[in-house]
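Okay, thanks everyone for coming. I'd like to walk through one fold today, so let me put it up on the screen.

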Amino acid sequence: MSQQDRPSRTTEAFFGRRRGKPVRPQQAAALESGLGAYRLDLTAEAPSELRTLFKTEVSAVRLEIGFGGGEHLLHRATEAPPIGFIGVEPFVNGMAKMMMAVRAAPLANLRVYDDDATQLLDWLPPASLDGIDLLYPDPWPKKKHWKRRFVSPVNLDRFSRVLKPGSKFRFASDIDTYVNWTLLHCRAHGAFAWQADEAADWHRSYEGWPGTRYEAKAIREGRRPAYLTFIRT
Ligand SMILES: C[S@@+](CC[C@H](N)C(=O)[O-])C[C@H]1O[C@@H](n2cnc3c(N)ncnc32)[C@H](O)[C@@H]1O
């Protein structure tokens, strides 16, 4: 393991790789200019009204944590210009991919953050978000690593603080133990009601679902995705 691949000790909930292959010069340029334009500055105080973070008028603000290469985030932000989207991804190559895409087709309803999502969550004002998507978070399938999972009592406290009552927390995963883990943690937390009419709902993808890169790989490898929706009560 090279030094740059070591998990950072400066973050609370990010244990993955910061970098993959070296980014190409064109991607590096897109990353630099894109972060200059889209990155949120957490050293400044968060505005009480998050809608003012965007270059365009938006009526609601949603967060996607760990967007990977940004396929889902791009799809959602492109199809819904009146909604503001904040995307978080600490993996440099994923952010570079996203910044290449928005260089080609800028999005006035997008902001990003390139580090541990817990930092952003702690910066946000209470009851400021209209939704959180946590799609295929790092699964940490080995029991000894379960404590690294993003879903945890402390992060559910963070979610419940920043989500507006009645808004949705959506969680997708192909790892059965993580799906059960999330159901149990949300039930124990008390601020999240699982929205499912029948067991089959688990396997029905979200409306307008474009899929994600990680999901496509999971399906190719024979794992079945589950899609959970919780309402912030
Ligand atoms: C398994 S990948 C899934 C990526 C994408 N959602 C998809 O479905 O293709 C999980 C992603 O979460 C990111 N991640 C892990 N810990 C994170 C954290 N604490 N804050 C924000 N993102 C995180 C990783 O860098 C990685 O890109």
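Let me start with a quick one: which residue in strand 2 is the bridge partner of E64? It's G87. Just keep in mind that what you're looking at is a predicted model.

That pair belongs to a longer run, since strand 1 and strand 2 are parallel and share six bridges. On to the next neighbour: strand 2 and strand 3 are parallel too, with four bridges between them. And here G87 turns up again, with V112 as its bridge partner in strand 3.

How does the chain get from strand to strand? Strand 1, helix 2 and strand 2 form a β-α-β unit, and that unit is right-handed. From strand 2 the chain goes through helix 3 to reach strand 3, another β-α-β crossover with a right-handed sense.

So is strand 2 buried or exposed? Mostly covered, with six of its six residues buried. I83, F85 and G87 are buried on one side, and G84, I86 and V88 are buried on the other, so to speak a strand with both faces covered.

Okay, zooming out to the sheet. It's open, it has seven strands with mixed pairing, and the order reads 3-2-1-4-5-7-6. Strand 3 (110-113) and strand 6 (192-194) are the edges; each has a single partner strand, so one side of each lacks a neighbour in the sheet. If you like twist numbers, neighbouring strands are turned by 20° against each other on average, direction ignored.

Further along the order, strand 4 (residues 129-135) and strand 5 (residues 163-173) run parallel, joined by six bridges. One of the pairs there is L129 with L163 of strand 5.

Now, what packs on the sheet? Helix 2 (residues 71-79) does, touching strand 1, strand 2, strand 3, strand 4 and strand 5, and its direction makes about 170° with that of strand 2. Then helix 6 (residues 176-189) lies across strand 5, strand 6 and strand 7, at about 10° to strand 7.

Last bit, helix against helix. The axes of helix 1 (residues 25-38) and helix 3 (residues 92-104) come within 8 Å, crossing at roughly 80°. That puts helix 1 roughly perpendicular to helix 3. Helix 1 brings residues including A29, L31, L35 and Y38 to the contact, and helix 3 brings, among them, V92, M95, M99 and R103. By class, the contact of helix 1 with helix 3 has 11 nonpolar, three polar and one charged residues.

Okay, that's my tour. Questions?

Technical notes:
Residues numbered from 1 in each chain as written. Predicted model: local features only at pLDDT ≥ 70, side-chain atom pairs only at ≥ 80, totals over all residues. Heavy atoms only, no water. Pairing = 2+ DSSP bridges. Helix = DSSP H or I, 4+ residues; strand = E, 2+ residues; numbered from the N terminus. Axes fitted to C-alpha atoms, helices over the stretch in contact; angles between N-to-C directions. Contact = heavy atoms within 4.5 Å. Parallel < 35°, antiparallel > 145°, perpendicular 65-115°, else oblique. Nonpolar A, V, L, I, M, F, W, Y, C, P; charged D, E, K, R; others polar. Buried < 20%, exposed > 50% of the residue type's maximum accessible area, 1.4 Å probe, protein only. Right-handed = clockwise from strand over helix to strand, strands pointing away.
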